[in-house]
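Here is a short report on a structure you are meeting for the first time. Look it over, then read on.

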Amino acid sequence: MFLFSRFFEELIFTRRFSGKSSKGFKMSISRANDLRLPLMNLIRLKGTPILEQLHLEERLLRASSENWCIVNDGTNVPTIVMGMSGKPSQLLELGPVMKDQIPVIKRFTGGGTVIVDKSTLFVSLICNKDDVPGVQPYPRSVMAWSGSLYGEVFGGVNGFQLRENDYVFGDRKFGGNAQSIIKNRWIHHTSFLWDYNVRNMAYLKLPSRVPQYRLERDHTEFVCRMKDYIERSDFIEKTVKAVGKQFAMKQVNLEDIDSYAKGEHVKSTRLLTMEELQEAMSGTTQSA
Amino acid sequence: MAARFLWASRVASHLKISIAQRGFASVVLKDLKYAESHEWVKIDGNKATFGITDHAQDHLGDVVYVELPDLGRSVSQGESFGAVESVKATSDINSPVSGKVVEVNEVLTESPGLVNTSPYEDGWIIKVELSDAEEAKKLMDSDKYSKFCEEEDAKH
């Protein structure tokens with residue numbers, strides 16, 4: 001009833017004040033359709049440091065009750081990002097990482113290790129479970145939904161699929177994704193390899209847990225560059241459009257976040273210290 | 001399914017409790033209490049043992065990591081105290097009752113898969129000293145929890 005009365009309020013206002021009443025009527029129909037969809041707040045960032053992005057995401061997941069889509073067009077410096085359970089000694093070539101002073105972050109979501117830079121594109125979706133009907137708050141259900149969403153974005157690009165929980169073109173991975181699920185909400189976030197520096201891949205070891213389709217390939221044989229398949233701006237706009245089919249989108253500025261996310265919350269994303277990395281390397285040396 | 005029922009029967013016999021078989025659904029043990037966020041609790045005097053249910057482990061997939069709380073930490077009913085990682089996702093574990101952590105299952109650090117293979121026995125996660133025994137009344141018994149799981153699965 002509330003939504004119905006909202007619709008008629010919109011209709012009456014627009015017909016009285018629009019000047020062109022038929023166009024105003026069409027605008028109200030579109031906005032009425034939006035009223036049936038749950039709201040999704042959209043934050044567009046460019047070059048935001050990945051640590052700052054992850055802190056924002058963890059805050060919005062835990063201290064906000066609204067849905068969020070965060071798009072960050074590149075990050076400022078090359079940074080290694082490990083999942084919650086990642087062990088530096090097992091995942092990183094610590095000598096070069098420390099020598100080149102590459103920042104290492106442990107994030108609040110699961111999954112593996114990525115090295116991101118200004119070429120990487122980030123898309124994060126934070127949803128209330130009740131606003132995505134048909135999706136249970138469990139990893140495979142959420143990923144089936146996200147796989148379908150990106151299927152719309154890449155529709156027409158040959159070979160796109162969600163394969164053993166990776167986004168791939170054929171048998172080459174181009175996006176690393178991960179999730180965190182709390183009582184009634186979840187986040188699914190992805191770092192898309194628009195382009196990458198082969199030298200940066202050398203900081204990462206071959207992980208012990210790999211999908212079967214990887215077939216012992218090293219990083220450069222396993223991943224591919226998204227820029228070979230789609231234009232950057234095209235990807236961003238198609239993603240926002242695909243999300244907009246399921247949610248009523250509202251742009252929000254970063255400066256206004258405080259009004260949406262209040263109070264204390266668990267903070268687990270952090271930058272590892274040089275001492276921690278040195279201890280990790282010492283531990284490896286001793287065990288060797 | 002028959003193998004899972006046989007496993008559940010052995011567990012029940014060891015724990016001296018009866019079980020309810022839910023057809024094709026996951027195993028639910030009687031005499032435990034359950035939270036809507038799919039944790040189980042076994043209360044013994046002023047102590048309680050927690051874990052996640054068979055329904056939860058089945059939906060989560062292979063658990064590869066369990067984040068355990070520190071000893072002595074307070075936990076509150078309905079609030080997160082740790083997490084499990086499975087299929088690239090961290091999932092909060094919420095406390096079914098309030099109390100103080102007196103023991104954690106360190107074995108899960110090396111063998112997180114016990115949460116999948118033995119969710120009600122070897123895969124227990126923490127033990128607490130209860131701060132309010134009355135809180136358990138807010139939890140579901142096995143019949144209510146079984147129905148809750150069926151309704152939840154039916155929606156999707």
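A:E237 and A:R44 form a salt bridge, with the closest N and O atoms 2.9 Å apart. The term stands for a side-chain nitrogen of Lys or Arg within 4 Å of a carboxyl oxygen of Asp or Glu. This pair links distant parts of the chain: A:E237 lies in helix α9 (residues 232-244) of chain A, and A:R44 lies in strand β1 (residues 39-46) of chain A, 193 residues apart. Helices (H or I, at least four residues) and strands (E, at least two) are DSSP runs, numbered from the N terminus. Over all chains, the structure holds 20 salt bridges.

This is a predicted model, in which local features need pLDDT of at least 70, side-chain atom pairs count only at pLDDT 80 or more, and totals for chains, interfaces and linings use all residues. Residues are numbered from 1 along each chain as its sequence is written, chains are lettered from A and ligands numbered from 1 in the order in which they are written, and side-chain values use heavy atoms, with hydrogens and water left out.

**Where the chains meet**

On chain B, 25 residues are in contact (heavy atoms within 4.5 Å) with 24 residues of chain A. The two chains bury about 2,100 Å² between them, 52% of it on carbon and sulfur atoms. Buried area is the accessible area (1.4 Å probe) that two parts lose on being put together, summed over both. In chain B, the residues that lose the most area to chain A are B:K88, B:T90 and B:H156, together 35% of what that side buries.

The rule finds 2 salt bridges across this interface. One salt bridge joins B:D92 to A:R62, with the closest N and O atoms 3.0 Å apart. Between chain B and chain A, 17 residue pairs are in polar contact, both residues at pLDDT 80 or more. Such a contact is a pair of N or O atoms within 3.5 Å; within protein, one must be able to donate a hydrogen and the other to accept it, and residues adjacent in sequence count only if both atoms are side-chain atoms.

Strands also pair across the chains. Strand β9 (residues 172-181) of chain A runs parallel to β9(B), joined by 3 bridges. A:Q179 stands opposite B:A89 in β9(B). Two strands pair if DSSP finds at least two bridges between them.

**Sheets within each chain**

Chain B has an open sheet of 6 strands in the order β3-β4-β5-β11-β10-β7, with antiparallel pairing. Its edges are β3 (33-34) and β7 (74-75) of chain B, each with a single partner strand, so one side of each has no neighbour in the sheet. β7(B) pairs with strand β10 (residues 99-104) of chain B over 2 bridges, in the antiparallel sense. There, B:S74 stands opposite B:K100.

In chain A, 4 strands form an open sheet in the order β5-β3-β4-β12, with mixed pairing. β5 (114-116) and β12 (270-271) of chain A are the edge strands, and each pairs on one side only. Strand β4 (residues 104-106) of chain A is antiparallel to β12(A), over 2 bridges. A:R270 in β12(A) is the bridge partner of A:K106.

**Annotated regions**

UniProt lists a domain in each chain, both from unreviewed entries. Positions follow the numbering used here, feature names are shortened, and annotations may be inferred rather than shown by experiment.

| UniProt feature | Residues | Helix | Strand | End C-alpha atoms apart |
|---|---|---|---|---|
| domain: Lipoyl-binding | 47-129 of chain B | 18% | 43% | 5 Å |
| domain: BPL/LPL catalytic | 65-251 of chain A | 25% | 29% | 16 Å |
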